[in-house]
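Work through the exercises below with the model open beside you, and try each task before you read its solution.

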Amino acid sequence: MKKGKRYLEAVKLIEKNKAYEVQEAMDLVLKTGTAKFDETVELHMRLGVDPKHADQQVRGVVVLPNGTGKSVRVLVIAKGAKADEAVAAGAEYVGAEEMISKIQNEGWFDFDVCVATPDMMGLVGRIARLLGPKGLMPNPKSGTVTMDVTKAIKEIKAGKVEYRLDKTAIIHVPVGKKSFGAEKLIENMNVVVEAIQKAKPAAAKGTYIKSVNIATTMGPGVKVNIK
């Protein structure tokens with residue numbers, strides 16, 4: 001893919017194989033993120049695990065202390081009192097069969113996170129093949145299959161993000177918006193790094209964290225030295 005003039009100018013500011021200290025790395029990321037919109041700052045961690053093995057999976061959730069800077073639209077699949085609770089907690093969309101058929105028949109995906117009560121998972125299973133590829137399938141590990149819908153919604157709105165290993169053993173996590181400034185972004189990033197360090201599988205051998213990069217949506221990556 002051909003890179004633009006701004007991108008190529010930004011790359012010149014970064015030493016290719018140097019791992020920068022956290023503060024310097026974040027300052028560089030903010031300096032080289034020159035898009036005209038408020039870019040998301042993303043953390044990319046390459047781990048020394050094999051994603052093909054179930055006992056080497058790395059997945060979890062963490063609440064960013066400064067939020068994500070993004071308004072999150074929540075869909076809750078629930079009935080009765082739990083549906084009322086979801087509405088009261090601020091979910092944008094709440095329902096049961098009618099929501100399933102809207103997704104199934106209309107290809108409706110105007111939401112960012114889907115939460116479901118355990119008794120609804122049989123129903124949600126009907127659209128698993130539609131939700132799964134988009135990363136929207138409710139999951140007990142990410143706290144999106146729960147009876148405590150109020151807590152789930154509040155955490156999501158407060159800045160809960162999920163981290164999970166991709167097929168190439170890299171975890172990609174947004175840590176906030178460029179407008180947050182270095183201090184808040186570093187706080188968010190440290191919380192994610194710590195969570196991933198603690199999630200090290202017992203089966204992982206050798207160096208666990210191979211490399212860490214941070215970048216804005218449109219900017220070049222900067223290698224970070226994580227102690």
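**Exercise 1.** How many residues does the largest nonpolar core have, and which of them have the most contacts inside it?

*Solution.* This is a predicted model, in which local features need pLDDT of at least 70 and side-chain atom pairs count only at pLDDT 80 or more, while totals for chains, interfaces and linings use all residues. Residues are numbered from 1 along each chain as its sequence is written, and side-chain values use heavy atoms, with hydrogens and water left out.

Begin with the term: a nonpolar core is a set of buried Ala, Val, Leu, Ile, Met, Phe, Trp, Tyr and Cys residues joined through side-chain atoms within 4.5 Å, where buried means under 20% relative accessible area with a 1.4 Å probe and protein chains only. The largest such core has 37 residues, and Leu 43, Leu 47, Met 189, Ile 196 and Ile 214 have the most contacts inside it.

Next, assign the core to DSSP runs (helices, H or I, of at least four residues; strands, E, of at least two; numbered from the N terminus). Helix H2 (22-32), strand E1 (40-47), E6, E7, helix H8 (182-198) and strand E8 (209-216) each supply at least two residues of this core, and H8 provides the largest share, eight residues.

**Exercise 2.** With which residues is Ile 214 in contact, leaving aside its neighbours within four places in sequence?

*Solution.* Taking contact as heavy atoms within 4.5 Å, the partners of Ile 214 include Ala 25, Met 26, Val 29, Leu 43, Met 189 and Val 222. Finally, turn to a second, separate core of 16 residues, which includes Ile 77, Met 99, Leu 123 and Leu 136.

Definitions and conventions. Buried < 20%, exposed > 50% of the residue type's maximum accessible area, 1.4 Å probe, protein only.
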